[in-house]
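Subject: Structure handover and notes

Dear colleague,

I am passing on the structure we spoke about, with the sequence alongside. My notes on what was found follow below it.

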Amino acid sequence: MPPTLILVRHAQAEHNSTKNYLLHDPSITELGREQCAELRTVLMEDPLVQQAELIITSPMRRTIQTALATVDWLVDKGVKIQADALWQENTAKPCDVGTAVSKVADEFPNIDYSTVDPVWPDKTSQAAGAYHYTRAAIVARGQAALQQLYERPEKVIVVVSHSGFLRAGVTGCWFFNADYRVFDFAPMRGPGSPYRLEQHASTKEKGGGLGHSSTVQVQLGQGLPEELPDTE
């Protein structure tokens, strides 16, 4: 039986507060740390989260910082925390481009980086086609990320990712900073059919586990470019 997923958006980061999207791989802000404290309290009291057997995080600073500030108590219990490039944000703006594993591992040594795609943090070359900022690439990346989780043995998995990818590539849902939603995999419709998620009523009806997120639903891929933006 595939796992239940607890999908978390990172806390407020510097580019969220300043609207300066030229900041490279920004850290969370002081407000972001306060948001993490609120989220941590809620997650610690959730019986489902207490059953989590794996934590996956985007390898970007803001997601790693959010994970370490909100589910550190799971790590203390021996739950593995693993970085996965599939869960990074969509665009190739500096704020959405990560830092080399060799450097970020020095900052956050308790993360398992062993399975991070070797092309990380490249998002624009031909070799990094899976991470291109196009509708087809992002929807396909969402399917690849879900397939990996569908096939895992754990019963409950926490994933810390980004609003754009979670919305346009995975769920069709909006996520406010440091809010979360709970999903199960929908039954497969047949061989080769896409992976689909069904949200728990507990987070769907009130707009996230903390109630901070919009309840509006969008189509996967909505608003994404069909082709790579012209860089000339």
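Directly after helix α8 comes G172, a residue with a positive phi, near 80°. Please bear in mind throughout that this is a predicted model, and that what I describe here was computed from its atoms.

The helix that precedes this glycine, α8, spans residues 163-171 and is mostly covered, with 9 of its 9 residues buried. Those buried residues include F165, L166, A168 and V170, and also R167, which carries a charged side chain. As for what covers them, the buried residues of α8 pack against the strands β1 (4-9), β4 (156-161), β5 (180-185) and β6 (197-199), and against the helix α7 (135-150).

The sheet to which those strands belong is open and has 6 strands, arranged in the order β3-β2-β4-β1-β5-β6 with mixed pairing. Because β3 (80-83) and β6 stand at the edges and each has a single partner strand, one side of each is left without a neighbour in the sheet. From one strand to the next, the twist averages 30°.

Within this sheet, β1 is mostly covered, 6 of its 6 residues being buried. In a regular strand, side chains alternate between the two faces of the sheet. For β1 both faces are covered, since T4, I6 and V8 are buried on one side, while L5, L7 and R9 are buried on the other. The pairing of β1 is parallel with β4, to which 6 bridges join it, and antiparallel with β5, to which 4 bridges join it. V8 can be followed in both directions, as it stands opposite V160 in β4 and opposite Y180 in β5. L7, for its part, has R181 as its bridge partner in β5.

Two helices can be placed against the sheet. Helix α4 (residues 61-70) lies across β1, β2 (54-57), β3 and β4, and runs at about 135° to β4. Helix α7 also packs on the sheet, where it touches β1, β2, β4, β5 and β6, and its direction makes about 70° with that of β5.

Turning to the pockets, the largest pocket holds about 500 Å³ of space. It is lined by 26 residues, of which E89, D96, S163, G164 and R167 are the closest to its centre. The largest share of this lining, 4 residues, comes from α8, and both α1 (14-18) and α8 supply at least two residues each. By class, the lining of the largest pocket divides into 9 nonpolar, 10 polar and 7 charged residues.

The second largest pocket has a volume of about 260 Å³. Among the 17 residues that line the second largest pocket, those closest to its centre are V170, T171, L197, Q217 and L220. Here the largest share of the lining, 3 residues, comes from β6, although α7, α8 and β6 each supply at least two residues. The lining of the second largest pocket has 9 nonpolar, 5 polar and 3 charged residues.

If you open the model at α8, you will therefore find a helix that supplies residues to the lining of the largest pocket and also to that of the second largest pocket.

With best wishes

Technical notes. Residues numbered from 1 in each chain as written. Heavy atoms only, no water. Buried < 20%, exposed > 50% of the residue type's maximum accessible area, 1.4 Å probe, protein only. Contact = heavy atoms within 4.5 Å. 1 Å grid on protein atoms, 1.4 Å probe; cavity = no way out; pocket = protein on both sides within 12 Å on 5 of 7 lines; lining within 4 Å. Points joined across faces, edges and corners; volume = space filled by probe spheres on them. Pairing = 2+ DSSP bridges. Axes fitted to C-alpha atoms, helices over the stretch in contact; angles between N-to-C directions.
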